[in-house]
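Student: I would like to learn how to read cores and helix faces in a protein model. Where do we start?

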Amino acid sequence: MIYSSWFPSGFREDTPVFNDALEIDAPEITEEIVTTGGILVYGRIELSGLGIKVVLLPYVNFQGVHFEYEYFELSGILLLVAVKTDGSPIGTNNRFTEFRYLIIPGGVAAAKVPGSVPSAPETGYTAEDYKKMSYEELTALFNILE
(Lines give C-alpha, C1' and ligand atoms only; values in the text may rest on other atoms or scores of the structure.)
Protein backbone atom coordinates (compact mmCIF):
# COMPACT_ATOMS: atom_id res chain seq x y z
CA MET A 1 0.00 0.00 0.00
CA ILE A 2 1.30 3.42 -0.96
CA TYR A 3 -0.32 6.50 0.53
CA SER A 4 0.08 10.24 0.26
CA SER A 5 0.22 12.78 3.02
CA TRP A 6 -2.89 14.85 3.57
CA PHE A 7 -2.75 17.81 1.21
CA PRO A 8 -4.84 21.01 1.26
CA SER A 9 -7.93 21.17 -0.89
CA GLY A 10 -6.67 23.81 -3.30
CA PHE A 11 -10.12 24.76 -4.62
CA ARG A 12 -9.86 28.56 -4.59
CA GLU A 13 -12.58 30.79 -3.20
CA ASP A 14 -12.06 33.21 -6.10
CA THR A 15 -12.89 30.55 -8.71
CA PRO A 16 -15.92 32.13 -10.39
CA VAL A 17 -17.36 28.83 -11.62
CA PHE A 18 -19.57 26.18 -10.06
CA ASN A 19 -17.26 23.36 -11.14
CA ASP A 20 -13.52 23.08 -10.91
CA ALA A 21 -10.72 20.55 -11.23
CA LEU A 22 -7.40 20.20 -9.45
CA GLU A 23 -4.52 18.35 -11.03
CA ILE A 24 -2.40 16.73 -8.32
CA ASP A 25 1.09 15.52 -9.23
CA ALA A 26 1.15 11.86 -8.18
CA PRO A 27 4.19 10.09 -9.66
CA GLU A 28 3.34 6.92 -7.69
CA ILE A 29 0.27 6.47 -9.92
CA THR A 30 1.85 4.60 -12.79
CA GLU A 31 0.17 3.22 -15.91
CA GLU A 32 0.39 -0.23 -14.31
CA ILE A 33 -1.43 1.01 -11.19
CA VAL A 34 -4.13 2.64 -13.35
CA THR A 35 -4.73 -0.55 -15.33
CA THR A 36 -4.22 -3.29 -12.73
CA GLY A 37 -4.27 -1.69 -9.28
CA GLY A 38 -6.67 0.41 -7.29
CA ILE A 39 -6.74 3.98 -6.01
CA LEU A 40 -8.82 5.26 -3.12
CA VAL A 41 -9.21 8.99 -2.47
CA TYR A 42 -10.41 10.42 0.84
CA GLY A 43 -11.42 13.90 1.90
CA ARG A 44 -11.49 15.32 5.41
CA ILE A 45 -14.71 17.09 6.24
CA GLU A 46 -15.79 18.94 9.36
CA LEU A 47 -19.39 18.11 10.22
CA SER A 48 -21.28 20.48 12.48
CA GLY A 49 -21.41 18.97 15.95
CA LEU A 50 -19.72 15.75 14.81
CA GLY A 51 -16.12 16.87 14.41
CA ILE A 52 -13.79 15.89 11.58
CA LYS A 53 -14.70 12.86 9.48
CA VAL A 54 -12.81 11.11 6.70
CA VAL A 55 -14.98 10.33 3.65
CA LEU A 56 -14.30 8.13 0.62
CA LEU A 57 -14.75 9.79 -2.77
CA PRO A 58 -16.84 10.01 -4.86
CA TYR A 59 -18.89 12.08 -2.44
CA VAL A 60 -22.31 13.61 -3.01
CA ASN A 61 -24.13 15.84 -0.53
CA PHE A 62 -27.72 16.84 -1.23
CA GLN A 63 -28.32 18.65 2.06
CA GLY A 64 -28.47 22.39 1.49
CA VAL A 65 -26.16 23.12 -1.42
CA HIS A 66 -25.49 20.10 -3.65
CA PHE A 67 -21.75 19.29 -3.65
CA GLU A 68 -20.21 16.50 -5.65
CA TYR A 69 -16.58 15.39 -5.64
CA GLU A 70 -15.05 12.83 -7.96
CA TYR A 71 -11.57 11.80 -8.98
CA PHE A 72 -9.90 10.41 -12.05
CA GLU A 73 -6.50 8.75 -12.14
CA LEU A 74 -4.08 9.10 -15.01
CA SER A 75 -0.46 8.04 -15.17
CA GLY A 76 1.35 10.42 -12.79
CA ILE A 77 -1.73 12.53 -12.08
CA LEU A 78 -4.73 12.50 -9.79
CA LEU A 79 -7.51 14.78 -11.05
CA LEU A 80 -9.97 15.97 -8.39
CA VAL A 81 -13.25 17.39 -9.70
CA ALA A 82 -15.79 19.36 -7.68
CA VAL A 83 -19.27 20.53 -8.70
CA LYS A 84 -21.55 22.84 -6.74
CA THR A 85 -25.08 23.24 -8.11
CA ASP A 86 -26.14 26.56 -6.60
CA GLY A 87 -23.82 28.42 -8.98
CA SER A 88 -21.61 29.86 -6.25
CA PRO A 89 -17.81 29.42 -6.44
CA ILE A 90 -16.47 26.00 -5.46
CA GLY A 91 -14.11 27.45 -2.85
CA THR A 92 -16.99 29.04 -0.94
CA ASN A 93 -17.93 26.63 1.84
CA ASN A 94 -15.73 23.92 0.34
CA ARG A 95 -16.72 20.67 2.03
CA PHE A 96 -13.21 19.24 2.27
CA THR A 97 -10.18 20.95 3.74
CA GLU A 98 -7.72 18.17 2.82
CA PHE A 99 -7.41 15.12 0.59
CA ARG A 100 -5.29 11.97 0.59
CA TYR A 101 -4.93 9.03 -1.81
CA LEU A 102 -4.11 5.37 -1.17
CA ILE A 103 -2.67 3.20 -3.94
CA ILE A 104 -3.19 -0.55 -4.05
CA PRO A 105 -0.72 -2.21 -6.44
CA GLY A 106 -2.27 -4.84 -8.73
CA GLY A 107 -1.64 -8.48 -7.89
CA VAL A 108 -0.68 -7.73 -4.29
CA ALA A 109 -2.96 -9.36 -1.75
CA ALA A 110 -2.97 -8.31 1.88
CA ALA A 111 -3.21 -10.81 4.68
CA LYS A 112 -6.80 -11.49 5.67
CA VAL A 113 -8.06 -10.09 8.92
CA PRO A 114 -10.71 -12.46 10.33
CA GLY A 115 -14.21 -11.03 10.11
CA SER A 116 -13.25 -7.83 8.29
CA VAL A 117 -14.55 -8.61 4.81
CA PRO A 118 -16.28 -11.99 4.84
CA SER A 119 -16.73 -12.10 1.05
CA ALA A 120 -13.04 -11.51 0.27
CA PRO A 121 -11.22 -14.45 -1.33
CA GLU A 122 -8.96 -16.46 0.95
CA THR A 123 -5.92 -15.30 -1.01
CA GLY A 124 -6.43 -11.70 0.16
CA TYR A 125 -8.40 -8.58 -0.56
CA THR A 126 -9.30 -7.05 -3.90
CA ALA A 127 -9.50 -3.31 -4.64
CA GLU A 128 -13.28 -3.62 -4.35
CA ASP A 129 -12.92 -5.16 -0.88
CA TYR A 130 -10.81 -2.19 0.21
CA LYS A 131 -13.49 0.22 -1.03
CA LYS A 132 -15.99 -1.48 1.29
CA MET A 133 -13.75 -0.99 4.32
CA SER A 134 -13.93 2.08 6.49
CA TYR A 135 -10.98 4.46 6.51
CA GLU A 136 -10.23 3.34 10.06
CA GLU A 137 -10.11 -0.34 8.99
CA LEU A 138 -7.69 0.46 6.16
CA THR A 139 -5.38 2.57 8.30
CA ALA A 140 -5.26 -0.18 10.93
CA LEU A 141 -4.75 -2.96 8.36
CA PHE A 142 -1.86 -1.16 6.64
CA ASN A 143 -0.47 0.75 9.64
CA ILE A 144 -1.08 4.07 7.88
CA LEU A 145 0.00 7.08 9.90
CA GLU A 146 -2.01 10.26 10.10
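The dialogue below takes up the cores, then one helix.

Tutor: This is a predicted model, in which local features need pLDDT of at least 70, side-chain atom pairs count only at pLDDT 80 or more, and totals for chains, interfaces and linings use all residues. Residues are numbered from 1 along each chain as its sequence is written, and side-chain values use heavy atoms, with hydrogens and water left out.

Student: Which residues have the most contacts inside the largest nonpolar core?

Tutor: A nonpolar core is a set of buried Ala, Val, Leu, Ile, Met, Phe, Trp, Tyr and Cys residues joined through side-chain atoms within 4.5 Å. Buried means under 20% relative accessible area, exposed over 50%, partly exposed in between (1.4 Å probe, protein chains only). Here the largest core has 23 residues, and Tyr69, Leu78 and Leu80 have the most contacts inside it. A second, separate core of 11 residues includes Trp6, Tyr42, Ile104 and Met133.

Student: Where do the buried residues of helix α3 lie around the axis?

Tutor: Helices (H or I, at least four residues) and strands (E, at least two) are DSSP runs, numbered from the N terminus. An α-helix has 3.6 residues a turn, so residues three or four places apart point the same way. In α3 (residues 135-142), Tyr135, Leu138 and Thr139 are the buried residues. They cover an arc of only 95° around the axis, taken from the directions from the helix axis to the C-beta atoms, which puts them on the same side of α3. Glu136 and Ala140, on the other side of α3, are exposed.

Student: What follows α3?

Tutor: Asn143 follows α3, and its phi is positive, near 55°.
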